[in-house]
Amino acid sequence: MRIIKLKKSHFHPFLETISQKAHLWAPVKKGDKYAFDRVEDFSRIEMKTTRTLLPPKKLMVPPSFNMFSFTADGYREDLSHISPKILFGIHPCDIHGLLTLDKLFTYQYSDPYYLKARQKTLILGLSCWPDEYCFAKSTRTHIIEEGFDLFFTDLEEYFLVWVGSSQGDDLIRMRPELFEENLTDAYIQRYIRWQKERENAYRTEINFVAMPDLMELKHKSAFWDEAGRACLACGSCSMVCPTCNCYNVQDKLALAGKPGRRLRSWDSCTLLDYSQVAGGENFREHKADRLRLWYTHKLQAFVSKYGKPSCVGCGRCLVTCPVEINVQTIAKSLQGEDPKAFWYRLQSEAKS
Amino acid sequence: MNDNPFTPQSARIVRTYRLTDDVKFFQVRFLDMEQALTFKYRPGQFAMVSVLGAGEAPFCLSSPPSRPGLLEFCIRKVGSVTSALFDLKENALIGVRGPYGNGFPLDQMVGKDILITIGGLGVAPLRSVLLYCLDNRDQFRKVAVLYGAKKPSEMIFREEYFALKERGDLECHLAVDADDTGHWTENIGVVTTLFPKLSKINPEKTYGLVCGPPVMYKYVLREFVKLGIPKHQILMTLERRMKCGVGKCGHCAIDYIYTCLDGPVFTYWDVLHMRELI
């Protein structure tokens, strides 16, 4: 892989040129959080963000979109929501998230909606610095060797730029004069030092190796019922998770003369009607069963199918769950810690 | 045809009639004749059926692949899609895509005794495998059917199964829980009361198949085990909520498998080592 560098003062001119090719999306400030948004004014781009509120999956499979329009003549594929994009500012854990979704959405059958959006999106990664919620080092997803077209490491007055694909190379070739090939030994040493410091900056650690066994051994543990009592079944953990792929499909009729639409929207296995079949039978009526399914899938099932957990350590469930049910507290509970110590609703119940 | 696996293909309802108060039979053919004749499937597989405006739902195929051209479904009216289906008349168009799922392992079943145990609407998937066995009768050894329904009027395909009793090359035992007609000539009792009537089988070389209401599995599985059929030769087909049929939407997940890709046919061993199956 080719590694070159770009002076920071050349960054906006570079974006200027490549954004003529496709719409540029990047993290911007949204309230006190960050979100991927279409960017025309480059000064809006946040270069030192932590995680965005929603992961980049929203650009590949939007929260809700039309799969088909239909009339009496049949169903017509609708790909109108898909357009070429350049996605800048995506962190290693989120690139791993996309690589995980790639596996899910191409296993045996390829999902054309995901795949076409994915193929039309150029991935321009950006280095990041962990906060107290990041645990990507535990999932080995804090570094990335594939899955990007370009990757920018923010190192003092330069970006160190990894060219990861032929399409990435095409972008560079639009403005080759902006980039420098020569990397001095001193600069390389600075990069090595930066990498070491970043490794040591991760404060949250979770032992994922033990998880599949613990999920099995603790399947009947009472703490799942406690988790079920604490859980609000709001589905937020699924919405913000970079690897949650579940969806629902609904047909919407339109007013006379207009075609109807088959709508696909994000769904969550923690919601009550997720496993309910026609006739009212519900295979997972209890919140404990649904939570356990969520964690079985992330920590156990994915390991047996693909050799690693589907968690990428982004920390979104840690900052999002209103009652602190997240990969970290579930992992701690599996390892034998008392869940009452960290699940808010149980704490307040215990007090009253 | 396009490369979008979610696209429903237009099909015509060629024939539909009531089987019981709440179960209807649908015979369907793809509009595209080539597709109608080349649609390949295994007994036990399912298709996603779309009704314009009402939505899409999974249904097992009740016809045998040995009779190409027409697809058949037995459908109970339980939800919004099935209600819309029930309102459709012959010649109406629906959308069909598939086939999906693993289906029954016919390759392994060839040359074996086949024992089929049906409860009520469980006839829907098992009719496909039974008719397949009969259409290829020389490929299987003994074929036996045990079929139980609540009452005579709820025995789906009653006439078909009475006709089977006349054949000399298979065993067919029928039972109803209760006879409200006064002229039921067959057994009365739950389906497991038919097991003693079964002539001797070679359990090591037998495949035991079961489908029916959830309550029935425990008892039938116990009978299969008592007969000495190995756990991995006991097969059942299950239902779950599904929105895609191809392992993407997540709804049919059980433990670490998807019912749509890894099922809907499971062995008794699967049931024992995976939770939540039945």
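Colleague: How many residues does each chain give to the contact between chain A and chain B?
Modeller: The size of an interface is often given as the accessible area lost when the parts come together. Here we count residues instead. In this predicted model, chain A supplies 37 residues and chain B supplies 34 residues.

Colleague: Which elements of chain A give two or more residues to the side that touches chain B?
Modeller: Strand S4 (64–71), strand S5 (74–77), strand S11 (247–252) and helix H10 (287–306) of chain A do. H10(A) gives the largest share, 7 residues.

Colleague: How do the residues on that side of chain A divide into nonpolar, polar and charged?
Modeller: There are 19 nonpolar, 14 polar and 4 charged residues on the side of chain A that touches chain B.

Colleague: Now the sheet in chain A. What is the strand order?
Modeller: Strands of a sheet pair through backbone hydrogen bonds, either parallel or antiparallel. In chain A, 8 strands make an open sheet, ordered S3-S2-S6-S7-S8-S9-S1-S10, with mixed pairing. Strand S3 (33–38) and strand S10 (179–180) of chain A are the edge strands, and each pairs on one side only.

Colleague: How many bridges join S6 to S7 in chain A, and do they run parallel or antiparallel?
Modeller: Strand S6 (residues 85–90) and strand S7 (residues 121–126) of chain A run parallel, joined by 5 bridges. For one residue, take Ile90(A): its bridge partner in S7(A) is Gly125(A).

Colleague: Which strands does helix H5 of chain A lie across?
Modeller: Helix H5 (residues 166–174) of chain A lies across S7, strand S8 (150–155), strand S9 (158–163) and S10 of chain A. H5 runs at about 135° to S9(A).

Colleague: On to chain B. What does the domain assignment give?
Modeller: The assignment gives domain 1 (9–100) and domain 2 (106–237) of chain B. Their C-alpha centres lie 24 Å apart. In the contact between them, 16 residues of domain 1 meet 17 residues of domain 2. The domain 1 side divides into 8 nonpolar, 5 polar and 3 charged residues.

Colleague: Why does the radius of gyration of chain B agree with a compact globule?
Modeller: Compare the value with the one expected for the chain length. A compact globule of 278 residues would have a radius of gyration near 19 Å, and chain B has 18 Å, so the two agree. The C-alpha atoms of chain B fill a box of roughly 50 × 45 × 35 Å along the principal axes.

Colleague: What else describes the fold of chain B?
Modeller: Chain B has 8 helices and 15 strands. Buried residues make up 48% of its 278 residues. Among contacts in chain B between residues at least 6 apart in sequence, 69% join residues at least 24 apart.

Conventions: Residues are numbered from 1 along each chain as its sequence is written. Chains are lettered from A and ligands numbered from 1 in the order in which they are written. This is a predicted model: local features need pLDDT of at least 70, side-chain atom pairs count only at pLDDT 80 or more; totals for chains, interfaces and linings use all residues. Two strands pair if DSSP finds at least two bridges between them. Helices (H or I, at least four residues) and strands (E, at least two) are DSSP runs, numbered from the N terminus. Two residues are in contact if their C-beta atoms, placed from the backbone, lie within 7 Å. Axes are lines fitted to C-alpha atoms, for helices over the stretch in contact, and angles run from 0 to 180 degrees between N-to-C directions. Domain bounds come from an automatic or database domain assignment. Ala, Val, Leu, Ile, Met, Phe, Trp, Tyr, Cys and Pro count as nonpolar, Asp, Glu, Lys and Arg as charged, and the others, Gly among them, as polar. The radius of gyration is taken over C-alpha atoms; the globule rule is 2.2 Å times the number of residues to the power 0.38. A residue is buried if 20 or more other C-beta atoms lie within 10 Å of its own, exposed if 12 or fewer, and partly exposed in between; C-beta atoms are placed from the backbone.
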